[in-house]
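New to this one? Take a look at the model first, and then we'll walk through a few spots together.

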Amino acid sequence: MSRKAPVSETPSEIDITEILARIPHRYPFLLVDRCEDYRAHESIVGIKCVTANEPYFQGHFPGYPVMPGVLIVEALAQTGAVLMSKSLEIEVGGKAIFFMSLDNCRFRAPVRPGAVIRLAVEVIRARGDVFKFRGRALVDDKVAAEAEFAAMVVDTQ
């Protein structure tokens with residue numbers, strides 16, 4: 001039985017309830033708290049509030065906690081997946097969005113506990129169930145990381 005994800009009251013805002021319905025990630029691997037500025041098939045901004053009690057900070061790095069760069073890229077990819085799911089109106093039962101490629105990835109500044117990351121993702125190209133994105137992770141309007149990446153809808157049944 002397929003089910004549709006709930007739709008937020010404000011079309012450009014996506015709350016945590018809708019994010020949980022649109023992508024399969026859960027704690028400790030859900031890396032998007034909410035989304036804003038959603039524009040179907042065009043762009044979205046994910047928000048990640050980085051807290052000191054994130055599990056990876058125990059070992060990365062003791063005495064000077066820094067969010068791992070691969071998790072910042074994963075947060076960009078999850079934001080892109082929310083954009084795809086909502087734009088394509090994917091029935092979430094039996095479908096998932098998988099990360100396909102990563103290009104031109106650059107890390108510009110460390111992300112520390114207490115930061116609020118704005119995950120600005122825009123569609124570069126879309127063909128059917130495959131999207132290519134450009135994403136930038138910003139903390140205090142400074143680029144912490146940037147990358148181009150692609151994702152596709154996959155049947156999981």
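Let's start on the outside: aspartate 140 is exposed, with a relative accessible area of 67%. Keep in mind that this is a predicted model. You'll find aspartate 140 in the loop between β5 and β6. Its backbone has a quirk too, since phi of aspartate 140 is positive, near 50°, in a residue other than glycine.

Glutamate 89 tells a similar kind of story. This residue isn't a glycine, yet its phi is positive, at about 50°. Glutamate 89 sits in the loop between α2 and β3 (95-107), and with 54% relative accessibility it counts as exposed.

While we're on backbones, there are cis peptide bonds to see. Here they are side by side:

| Cis peptide bond | Omega | Where the second residue lies |
|---|---|---|
| tyrosine 27 to proline 28 | near 5° | proline 28: loop between α1 (16-22) and β1 |
| histidine 60 to phenylalanine 61 | about 0° | phenylalanine 61: loop between β2 (43-49) and α2 |

Now for the inside. Nonpolar side chains in soluble globular proteins tend to be buried together. In this model, the largest nonpolar core has 39 residues. Among those with the most contacts inside that core are Ile19, Ile44, Met67 and Phe133. At least two core residues come from each of β1 (34-39), α2 (69-87), β4 (116-127), β5 (130-139) and β6 (142-155). Which element gives the largest share? That's α2, with nine residues.

Methionine 67 is a good place to zoom in. Leaving out residues up to four places away in sequence, methionine 67 touches Val50, Tyr56, Phe57, His60, Ile72, Val111 and Ile117.

Not every nonpolar side chain is tucked away, though. Phe98, Met100, Val130 and Met152 form a nonpolar patch on the surface, and together they have about 330 Å² of accessible area. Valine 130, one of that patch, lies in strand β5 and counts as partly exposed at 31% relative accessibility.

Finally, the cysteines. How many disulfides does the structure hold? Zero. For cysteine 35, the nearest cysteine sulfur is that of cysteine 49, 12 Å away. Seen from the other end, cysteine 49 is in no disulfide either, and its nearest cysteine sulfur is that of cysteine 35. Is cysteine 35 buried or exposed? It's buried, with a relative accessible area of 1%, whereas cysteine 49 is partly exposed at 32%.

Notes: Residues numbered from 1 in each chain as written. Predicted model: local features only at pLDDT ≥ 70, side-chain atom pairs only at ≥ 80, totals over all residues. Heavy atoms only, no water. Core = buried A, V, L, I, M, F, W, Y, C linked by side-chain atoms within 4.5 Å. Buried < 20%, exposed > 50% of the residue type's maximum accessible area, 1.4 Å probe, protein only. Helix = DSSP H or I, 4+ residues; strand = E, 2+ residues; numbered from the N terminus. Contact = heavy atoms within 4.5 Å. Disulfide = S-S within 2.5 Å. Patch = residues over 30% accessible without salt bridge, like charges linked within 9 Å, V, L, I, M, F, W, Y side chains within 5 Å. Areas by Shrake-Rupley, 256 points an atom, 1.4 Å probe, with all protein chains shown as cover. Salt bridge = Lys/Arg side-chain N within 4 Å of Asp/Glu carboxyl O.
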